[in-house]
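Work through the exercises below with the sequence and the 3D structure at hand, and compare each solution with your own reading of the strands.

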Amino acid sequence: MHKRLTLLLFTIFCLAQGLDVSAQSYLFQFEDTPLLDAVEEFKSRTGIDVVYSTDLLGGFSSSCTYHGSVAVEAIQCIVQDATVEVRVISDRQIVLVLADEASVGPDKARGSIAGIVFDSRTGESLYGANIYLPDLSSGTVTNEAGFFSLPGIPSGHHRVKLSFIGYVVKDTTLSTGSKSVILELNPTTMTMDRVVIERSTLIRSDLALFPGVISMPVRRLEQLPPSFGGKDVFEVLGWMPGIQRAGEVTGGLLVRGSGSDQNLYLIDGAPVYHPWHAFSLISTFQTETFKDLKFYRGSFPAEYGGRLSAVLDAELRDGRNAEPKLLAAINPLSARFLIESTLGSKSSFMLSGRRSYIDKLIGRKHPVSDGAGRRDTLRTGYFFYDWSAKISFSPHTNSRLSFSYYTGRDDLDLRLPFDLSLDFSSWLRPADLFFEVDQDWGNRLYSVRYQHLASDRLFLTGTAYYSEYSANESVLIHPTQSASVTSDYRVQLQDLGARVDADYFPSLSHQIRAGFSVVDHRFVSSIDALVSYSPSLSESLTHRGRVQTREFATYIQDHWKPSEKLHVLLGTRLNYFGSGNYFRVSPRLSIQYVLNPRWLILRGSATTQYQFLQRIRDRYSFLYDLVSSRWIPSDSTVVPSKSRQLSFGGEAIPYPWFKVSAEGYLRIGNHIILPRDEFQSKNGLLGPGIDISTLLGQYTRGNERSYGIEIGADLFLLDWQVLLAYTGSRSENRTPELRNTTFRPSRFDVPRSFSAVIQRRVGRWQFSLSTVLRSGYPITVPIARYYLTDPVSNEQIQFFHTPEINNGRLPPYFRMDLGVGYRFGFMHADWSAQIHVYNIFNRRNVINRTFDPSKENFGLNNSLGLPILPLFELEMQL
């Protein structure tokens, strides 16, 4: 009787929707087929979403023959031997629940709903998806593995709303008692009929607690304007409030006035110490190789530590696409590819690679000769590459094991005449005076991660990794016939680490996360240098260095929901660093109050962070530390850096297609390593050496502070997408040990910055206009010029008087870019062609300014930025 009633209701529902229930004929024949396989075949052939718990269907088989036109009759036939009930939610969704769930006794008045949320198209889990119970006015968000739990709720059926940025909102019904429910969200697509694209998480953005966090689907990031090297995560982040590059197109990421070395970069839980290629022109983080990206500005949860300013946590794609995927692309700098596919029903893989090709175009070796018969082979070789790979295995629906690998490297090989000029045709000639440079630097990491749903309230994650950064710099210079300089410099940093994280859901109002980690750090450096002034006079420098230390950390945090409107995240992190025996406690507090989910959500945080690894480099010699990053550990002479930050902001979503946010912050840092002499340039030969204590003599401890306000607006309407960002801030530092007690502007202090990205789709075409307008960087301007006369030669020596550092500023920076893209099909593949015009007004911004004391008017010399540059990218997907 119940099945007939369900069938009748389903038929009435379809007729009410104007659907022809007899339009399609189904034929299913199963004989002792595992019920899970039978239900999946039903989903595939009918296109109807069936929501169920794998534990509910596991162990049952299906023996069913059905030939008819009503899908609900087919699914009832398939599950007839199992103790489940078919519930019709809509014409495209069916839920399977326990048949006797309605007879729950009073001793089981409370239950839980737990599950994992996936992308229906790619099969990848979704981090940060919102799970909301409208009838209970409560909800949660999924963790890194897409897992969620709603414990301690009344037993029975509950309406559930699922939402995530870039995905269609899903309304369904779930029941307590099942251990794990598989849920899927469908990505939104830009159609031709000018529909309004709703960003689904805007509906329940009050569930996203952390202030300053940026968590966008990779598909959304890929739509923003590309960089010189294609789709680059760091370039995309530069369009967000409070984030900028340390130069025009090169340099590290600066977050809220911090240094670029104060950011933590993670790939599948393993740190990356030098995330740049092409002398910081592009990053190692290619957007399309990742399935999930989280970026924390200033305030980050207790599970992260070891840096002061920001955390970028990226997870590689795992190839869980329903269909194999191949992507290939080429742009002016490099060519790349990505392959991902399943390996049976439980395994999948992803493989991607990228390589620059300028060395293939201009050649690496150039045999040359002159009229005198001299021959030589000059070299102009440079390239970089990346390789990423990941294999995932799911032995059970509740478990997943993955192996990740990444390596990336830059290689520079030069042999050119010593007396170079701007006449490039004069380079390729034999020369007695020449220089050789052979340098390479890069990262390599391995990561193993195991995720397991131990119960409907406990989720465990274990990670082990090895990460390595290394750099080699070899130099040979012949400046004169009798003099020569040779140097071989090497640095290496190795991390071997492991961590365990646990998510526990004791009740609907508490979500506890705790974990511990251990890391073994090894720092290795060496140099062999020889300066020959003449055949009989030379000077050498040899040094070997090796330091090893261990770092331990444990943390605990509780996401407490005392009421529907108030959320509190309270946590603490305890660190122990071996060299120096440092114990440090980092408390973290974030509070969110929802005045109205649509009109105003308030967030505030107070956090403390410590950094135990510092990045320094020699500031004297041009024989080493030219491109490498030299990291040193805290010890008895290097106190860990400390940062404290307060932030407060609000967010409003007056319309489903419009969001505006504002956040103010105050950040104070102590024991920050700053240069002792800001004017020291690398113009010496051997320098003082590479011993850590010697290098630290070039630096001093200082204080820093930064404060500001960040305003962002995001609009998705019809075929328009607009992203606006404004930052008003100050970043300052001082060096009390050098008797500088007054704060001065830091090197990259930018009081005002505005950026905008405007995009529109018209059919197969996409147009974009992006602009950046900001204050110029600080510079030191001399206030007087002095002359000293040599009493013997009467030669005048002129120098500047600069009592204040960074007392001036470069002119404002302005740039506007234009992009045009076209999508088309060709040879059974999807193609995308893009033209990106950098600096369309050809404005040569002043990016640096120097002064010459020997010339009138202080000899002002400006270094100009890049002119107008047309760029392209061609991409193919199968």
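**Exercise 1.** In this predicted model, determine the strand order of the open sheet of 4 strands that contains β10, and state which strands lie at its edges.

*Solution.* Step one is to read the order, which is β8-β7-β10-β11, with antiparallel pairing. Next come the edges, which are formed by β8 (138-141) and β11 (170-175), since each of these strands pairs on one side only. From one strand to the next, the twist averages 25 degrees. A final step looks at a single pair: β7 (residues 130-133) is joined to β8 by 4 bridges in the antiparallel sense, and within this pairing Asn130 stands opposite Val141 of β8.

**Exercise 2.** Trace the pairing of strand β40 with β39 and with β41, and describe the connection between β40 and β41.

*Solution.* Begin with β39 (residues 658-675), which pairs with β40 (residues 699-717) in the antiparallel sense over 16 bridges; here Ile673 has Arg701 of β40 as its bridge partner. Then turn to β41 (residues 720-735), which runs antiparallel to β40 and is joined to it by 15 bridges, with Tyr726 of β41 as the bridge partner of Ile711. Lastly, the hairpin of β40 and β41 has 2 residues between the strands, and in this hairpin Leu718 takes a positive phi near 55 degrees.

**Exercise 3.** How many helices and strands does the chain have, and what percentage of its residues is buried?

*Solution.* Counting the elements gives 8 helices and 53 strands. Taking buried to mean under 20% relative accessible area, one finds that 54% of the 878 residues are buried.

Key. Residues are numbered from 1 along each chain as its sequence is written. This is a predicted model: local features need pLDDT of at least 70, side-chain atom pairs count only at pLDDT 80 or more; totals for chains, interfaces and linings use all residues. Side-chain values use heavy atoms; hydrogens and water are left out. Buried means under 20% relative accessible area, exposed over 50%, partly exposed in between (1.4 Å probe, protein chains only). Two strands pair if DSSP finds at least two bridges between them. Axes are lines fitted to C-alpha atoms, for helices over the stretch in contact, and angles run from 0 to 180 degrees between N-to-C directions.
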